[in-house]
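Biologist: Please take one part of this model and walk me through it closely. I would like to know how it sits among its neighbours.

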Amino acid sequence: AREAELAEIQAAERQSSTVFEGSRARKNHVGTGVGVDMTLEAEDAIKSLVAGHGANLLILGMASESEGVKVVETKESSVTNLPSALPKSEPSYAFYRWQADKIVFIYTCPSGSGVKLRMVYSMGVSSVTQAAQEIGEFKIFKKLEASDPSDLDLSFAQDELPPPAKPTGPPSFARPRGPPRKR
């Protein structure tokens, strides 16, 4: 009876899989992240951003009742004003159209926000980026993560950023000249 049961199991396994990969098959059994649902409004906003219509900054957040992704805000922003355009008190996902074909993903998670929010947002980062890329049919140019929007590294846009301010004030210490040479 036991042998017949094992034979049935092996036959079922052969029917379900077309290729035997053995122990060399690399599969992620845990998954890539938490499955998140996008609202229709969020999907439309992503498509609009990628198409170049409307604002160049799309800020998304989790809807507390369904834990799906919703649109928090859309607005125009320059690279230099980007840190001030993002929410400072709660976590957020943002997509910024830097150039026509370059979309930057920004994830900010302030340390002052609640623990549950921080965990939900951090677990959903990969799912949100993957879902947005599939919906908008684009590839993310750059991913930025920061605990505070003011900590963002905007070096990807060096040519658009103003040059760093030169220090004004007394010049730094100048090394004195050495003694004259003897003849």
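**Strand β1 and its surroundings**

Modeller: Start in the middle of the strand: Leu60 has Val71 as its bridge partner in β2. On the β3 side, the bridge partner of Leu60 is Tyr93. Keep in mind that this is a predicted model.

Now widen the view to the whole strand. β1 covers residues 57–62. Is β1 mostly covered or mostly open? It is mostly covered, with six of its six residues buried. The side chains alternate between the two faces of the sheet in a regular strand. In β1, Leu57, Ile59 and Gly61 point one way. Leu58, Leu60 and Met62 point the other way. Both sets are buried.

Next, the pairing. β2 spans residues 69–75 and pairs with β1 in the antiparallel sense. How many bridges link β1 and β2? There are six. One of them involves Met62, whose bridge partner in β2 is Val69. β3 spans residues 92–99 and also runs antiparallel to β1. Four bridges join β1 and β3.

These strands belong to an open sheet of five strands. Its order is β2-β1-β3-β4-β5, and the pairing is mixed. β2 and β5 (140–146) stand at the edges, each with a single partner strand, so one side of each has no neighbour in the sheet. From one strand to the next, the twist averages 20°.

Helices pack against this sheet as well. α4 touches β1, β2, β3, β4 and β5. The direction of α4 makes about 40° with that of β3. α2 lies across β1, β2, β3 and β4. Relative to β1, α2 runs at about 155°.

Go to the loop between α2 (40–51) and β1, where you will find Asn56. Is Asn56 buried or exposed? Asn56 counts as buried because its relative accessibility is 9%, and the cut-off for buried is under 20%. The side chain of Asn56 reaches the backbone oxygen of Ser77 at 2.9 Å. Leaving out residues up to four places away in sequence, Asn56 touches Leu49, Lys75, Glu76, Ser77, Phe95, Tyr96 and Arg97.

Lys75 is worth a stop of its own. Which residue forms a salt bridge with Lys75? Glu73 does, with the closest N and O atoms 3.5 Å apart. The salt-bridge count comes to one. Glu73 is partly exposed, at 34% relative accessibility. Lys75 is partly exposed too, at 23%.

One more loop residue rounds out the tour. Ser113 sits in the loop between β4 (102–108) and α4 (115–136). Ser113 is buried, with a relative accessible area of 7%. A polar atom of the Ser113 side chain lies 2.7 Å from the backbone oxygen of Pro110. Setting aside neighbours within four places in sequence, Ser113 is in contact with Ser89, Glu90, Pro91 and Arg118.

To recap the strand: β1 has antiparallel pairing with β2 and with β3, and six of its six residues are buried.

Methods:
Residues numbered from 1 in each chain as written. Predicted model: local features only at pLDDT ≥ 70, side-chain atom pairs only at ≥ 80, totals over all residues. Heavy atoms only, no water. Buried < 20%, exposed > 50% of the residue type's maximum accessible area, 1.4 Å probe, protein only. Helix = DSSP H or I, 4+ residues; strand = E, 2+ residues; numbered from the N terminus. Pairing = 2+ DSSP bridges. Salt bridge = Lys/Arg side-chain N within 4 Å of Asp/Glu carboxyl O. Polar contact = N/O pair within 3.5 Å; in protein donor to acceptor, adjacent residues only side chain to side chain. Contact = heavy atoms within 4.5 Å. Axes fitted to C-alpha atoms, helices over the stretch in contact; angles between N-to-C directions.
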